[in-house]
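Open the structure in your viewer and keep the sequence panel visible. The stops below say what to select next and what is there.

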Amino acid sequence: MTHYAFPDDLVQAQSAWYAAYQQLATEDSPVRATVLRRRLQRLSVQIATHPYWADIPDQAPAARIALKEMRWAEEQS
């Protein structure tokens with residue numbers, strides 16, 4: 001498995017994405033759910049357009065999956 005040196009702000013954005021997603025899954029308030037969906041959209045754009053991906057163009061798809069898997073595993077523990 002390849003090791004990637006993800007920038008802290010990218011890792012934090014992915015963690016925030018998972019946190020917002022988990023909050024949305026249990027949200028009863030339609031207003032709060034809208035706020036969370038908008039937050040997910042902003043975080044998705046922040047993650048997808050992060051300059052880090054341009055530094056590793058040939059590895060970006062695999063690195064994106066690695067970032068998601070890494071953060072998901074840490075969120076579940």
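Helices (H or I, at least four residues) and strands (E, at least two) are DSSP runs, numbered from the N terminus. This is a predicted model, in which local features need pLDDT of at least 70 and side-chain atom pairs count only at pLDDT 80 or more, while totals for chains, interfaces and linings use all residues. Residues are numbered from 1 along each chain as its sequence is written, and side-chain values use heavy atoms, with hydrogens and water left out.

**The whole chain**

Start with a cartoon view. The protein has four helices and zero strands, in the order α-α-α-α from the N terminus. The C-alpha trace spans about 40 × 25 × 20 Å along its principal axes.

Next, switch on the surface. Its exposed area is about 5300 Å², and carbon and sulfur atoms supply 54% of that; the areas come from the Shrake-Rupley method with a 1.4 Å probe, and for residues only the protein chains shown count as cover. Of the 77 residues, 31% are buried. Buried means under 20% relative accessible area, exposed means over 50%, and partly exposed is in between (1.4 Å probe, protein chains only).

**Stop 1: Val-35**

Select Val-35, which is in helix α2. Is Val-35 buried, partly exposed or exposed? Its relative accessible area is 39%, so Val-35 is partly exposed. Now add Leu-24: the two residues are eleven apart along the chain, and their C-alpha atoms are separated by 9.2 Å.

**Stop 2: Trp-53 and the core**

Move to Trp-53 in helix α3, which covers residues 52-55. Trp-53 counts as buried because its relative accessibility is 5%. Which residues does Trp-53 touch, not counting those up to four places away in sequence? They are Phe-6, Leu-10, Ile-47, Ala-48, Ala-60, Ala-63, Arg-64 and Leu-67, where contact means heavy atoms within 4.5 Å. Draw a distance from Trp-53 to Phe-6: they are 47 residues apart in sequence and 9.7 Å apart in space, C-alpha to C-alpha.

Trp-53 is also among the residues with the most contacts inside the largest nonpolar core, along with Tyr-4, Phe-6, Leu-10 and Tyr-52; this core has 15 residues. At least two residues of this core come from each of α1 (8-25), α2 (30-48), α3 and α4 (60-76). A nonpolar core is a set of buried Ala, Val, Leu, Ile, Met, Phe, Trp, Tyr and Cys residues joined through side-chain atoms within 4.5 Å. In soluble globular proteins, nonpolar side chains tend to be buried together.

Select Tyr-52 as well. Apart from neighbours within four places in sequence, Tyr-52 is in contact with Tyr-4, Ala-5, Phe-6, Pro-7 and Leu-10.

**Stop 3: Gln-14 and Ser-15**

Go to helix α1, where Gln-14 and Ser-15 are found. Gln-14 has a relative accessible area of 3% and is therefore buried. Beyond residues up to four places away in sequence, Gln-14 touches Ile-47, Leu-67, Lys-68 and Arg-71.

Ser-15 is buried because its relative accessibility is 13%. Outside its neighbours within four places in sequence, Ser-15 is in contact with Arg-71 and Glu-75. Show the side chains of Ser-15 and Arg-71, which make a polar contact at 2.5 Å. A polar contact is a pair of N or O atoms within 3.5 Å; within protein, one must be able to donate a hydrogen and the other to accept it, and residues adjacent in sequence count only if both atoms are side-chain atoms.
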